[in-house]
Amino acid sequence: MIASGRRPAPTSAAAGRAGVPRPAAAAAKLARRRAAPLPPGPRHVAPSAAAAGAAGTDAAAMAAEWLRLDRDAASRASVEAMVAGGDEAALRDLFCQRLEFGTAGLRGKMGPGFSRMNAVTVQQSTQGLCRYLQSQSPELLKAGGVLLGYDARHNSRDFAEVAAKVFLSQGVPVALFPRITPTPFVAFGTKELGCAAGVMITASHNTKEYNGYKVYWSNGCQIIPPLDSGIAAAIEANLDLWDLSTLDLARAASDGLLTDPLEAVARAYYARISERLVFRSAQENGAAAPVVYTPLHGVGLEAVRRAFSTFSLPQPAVVAAQAQPDPEFTSLGPNPPNPEEGKGVWTLAYETAAAAGASVVLANDPDADRLAAAEADSGSSGGGGYSSFSGNDIGLLLADWVWTNFRHRSPEVPPAKVAMLSTAVSSKALAAMAEAEGFKFVETLTGFKWLGNVAAQLEAEGYTVLFAYEEAIGFMFNAIHKDKDGVSAAAAFAEMAAALARRGTTVRRHLAALHARYGPRAYLSGYFVADPPAKAAGVFEDLRRGGAYPKQVGGVAVTGVRDMGVGVDTTQPDGKPSLPWSPGDLMLTLYLEGGSFLTLRASATEPKLKYYLECAAASGEAPEAAEARARAVEAAVARDIVRPEERGLGVRAGG
């Protein structure tokens, strides 16, 4: 295993990308090259966010400025046609606003323009990130460099190479994965290799038109404030495109400044899994029934197969039509590549499982940082249909699995010094489990940027952090690394399912037993399409008007309000949220009678206005009663609060 905080010796070339060990004779040459100033080259200025968004900005002039920057012939031709046709609306959409950099990095549709993901916006963002790292972590950047990875989407490799050239132009060591790789490898590898930062080019489970740019800090966590605003400011200050025309990746590799991290990262990753996440013997796991797996045309297959081997589990039966990476996600038809989205995404996997007689079905999203799971309704075979588990279901199941095994392995650790985490929009079942079992539960804002960083804080305080999850099928085993990981979660779920089968029960029956132990709850979630995302703002403006928040929703009384956009939480003694908040944030929670809640949140990465609600069953009350209350609240969300028809929002998809 590679020692944390140390960069490994570069390995040999792979898949056409050289990663040659740095020769001693190259040291002086590299030093001279790093010290040399950049060639002057053309320096074209792109608009700042303020200038691009200013009222009265001339769209044609902004398009002309873009054409001075863009080197892609196809996109230039499309822009020139728009300009010639006088398509003012399209020009304003593309050129008069800037794709914003935030804690999620960048996420947007691909295409020409300052509001899209393309080589220009990727280069500008990387220039800003590079300058920020030079100012904040100069020694670590010089010694550890950066780690770059990319998924199988259109343009992902090209964007990663642009980012690599930006860092290389400044003499920064770059470890660039030689082929498509799961996002968890970048999160894990950033800390494992001692890098100053990591960048993953991916749009996760967005539709095929999208791509993204996700940033990890040196601790292996996604960035949180104030890092995001600092990087954004550095981007604004470095919009002139640096001259990268003389940068040659093969030459950088031969000089040792560009290296291939794949072998070192993979070796350390699977060693960590073997040491800390495998709970049964090779003989026990080897006797398990095979499961069915689909990577949904993404990057997960090779990594998951190796994870199953590490666990000594039988190799999964793979959905053949979805096994190979495909940026068009062809087999999914109109369905997005998101296993949360419903039966259409699962169709081929269920058919494969039924043909194989498999009871458990697993799916990763295209960058393999999320896990979805389903089980045969009959429990033991594929003859009676399948039903998927929610993210909350999987979270509770895996939390129970790691807790039970940790208590067996480490009985000397007091439960009060163990912690698990979940997000504010997830089910409160993990909190109920913590209360019953005696470990510490911590709630964070939405996203693994918060879960990972808060887990690191808890570790610094002396807690053993076991697990964290969010309802959007993201699961983190803190013993591996501090971000969601669909690869390790797939193998862990399969091992858990095998152990349950050995005990003569099913995953779903075990889940029912956990709900009975910790209290039944009815959880529903869904979303309204808000494209552009600004359409969601009106919902929050109406709710906040004069502070007159609803008194009831669907006949259930509102007992408190937490509004993260104005810094109000009526359930706290000081009236302020205990979680970090920012003026204008589009996230609001209504606490409901009986320990229930409803949260509305505008997604930072998708054009969606999301809702999450949970109704807890009262003592002695049938679970069906809580389900009925939840359905009534859900109906009221659309009818009384969101009113999608009035606001031009898309049809709701929900739970």
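# Reading rings, charges and sheets

Visitor: Over which ring does the charged end of Lys428 sit?

Guide: The charged end of Lys428 is placed over the ring of Phe597, 4.5 Å from its centre. The rule is simple: NZ of Lys or CZ of Arg must be within 6 Å of the ring centre and within 35 degrees of the ring normal. Arg508 gives another case, with its charged end over the ring of Phe389, 4.1 Å from the centre.

Visitor: What should I know before reading on?

Guide: This is a predicted model, where local features need pLDDT of at least 70 and side-chain atom pairs count only at pLDDT 80 or more, while totals for chains, interfaces and linings use all residues. Residues are numbered from 1 along each chain as its sequence is written, and side-chain values use heavy atoms, with hydrogens and water left out.

Visitor: How do I read a pair of aromatic rings?

Guide: Use the distance of the centres and the angle of the planes. Rings of Phe, Tyr and Trp (its six-membered ring) pair if their centres lie within 6.5 Å. Planes under 30 degrees apart are stacked, over 60 edge-to-face, and the rest tilted.

Visitor: How many aromatic pairs does the whole structure hold?

Guide: The search finds 17. Take Phe279 and Trp401: they are edge-to-face, 5.9 Å centre to centre, with 70° between the planes. This pair links distant parts of the chain, 122 residues apart. Phe279 is in the loop between helix 12 (262-276) and helix 13 (282-286), while Trp401 is in helix 16 (residues 391-409). Helices here are DSSP runs of H or I with at least four residues, strands are runs of E with at least two, and numbering starts at the N terminus.

Visitor: Are Phe279 and Trp401 buried or exposed?

Guide: Both are buried. Buried means under 20% relative accessible area, exposed means over 50%, and partly exposed lies in between (1.4 Å probe, protein chains only).

Visitor: Which rings are stacked?

Guide: Trp346 and Tyr350 are one stacked pair: 5.4 Å centre to centre, 15° between the planes. They are 4 residues apart in helix 15 (residues 343-356), which means about one helical turn separates them. Trp346 and Tyr350 are both buried. Rings can also gather: Phe185, Phe188, Tyr269 and Tyr270 make one aromatic cluster.

Visitor: What counts as a salt bridge?

Guide: A side-chain nitrogen of Lys or Arg within 4 Å of a carboxyl oxygen of Asp or Glu. The count comes to 30 by this rule. Asp369 and Lys214 are one such pair, at 3.6 Å, N to O. Asp369 is in the loop between strand 9 and strand 10, Lys214 in strand 5, 155 residues apart. Asp369 and Lys214 are both buried.

Visitor: What partner does Asp542 have, and at what distance?

Guide: Arg647, with the closest N and O atoms 2.8 Å apart. Asp542 lies in helix 21 (residues 537-544) and Arg647 in helix 23 (residues 644-647), so the pair ties together parts 105 residues apart in sequence. Asp542 is partly exposed because its relative accessible area is 26%. Arg647 is buried, at 17%. A network of salt bridges links Asp542, Arg545, Arg643, Glu646 and Arg647.

Visitor: How do I read a sheet?

Guide: Look at which strands pair; two do if DSSP finds at least two bridges between them. One open sheet has 5 strands in the order 8-7-9-10-11, with mixed pairing. Strand 8 (317-318) and strand 11 (386-388) are at the edges with a single partner strand each, so one side of each has no neighbour in the sheet. Strand 7 (residues 292-294) and strand 9 (residues 360-364) pair in the parallel sense over 3 bridges. Tyr293 has Leu362 in strand 9 as its bridge partner.

Visitor: Which strands does helix 19 touch?

Guide: Helix 19 (residues 486-502) touches strand 9 and strand 10 (371-376), and its direction makes about 170° with that of strand 9. Contact means heavy atoms within 4.5 Å. Axes are lines fitted to C-alpha atoms, for helices over the stretch in contact, and angles between N-to-C directions run from 0 to 180 degrees.

Visitor: What is the strand order in the open sheet of 6 strands?

Guide: The order is 1-5-4-2-3-6, again with mixed pairing. Strand 1 (106-109) and strand 6 (258-259) are the edge strands, each pairing on one side only. Strand 2 (residues 146-150) and strand 4 (residues 197-201) run parallel, joined by 5 bridges. Gly149 has Met200 in strand 4 as its bridge partner.
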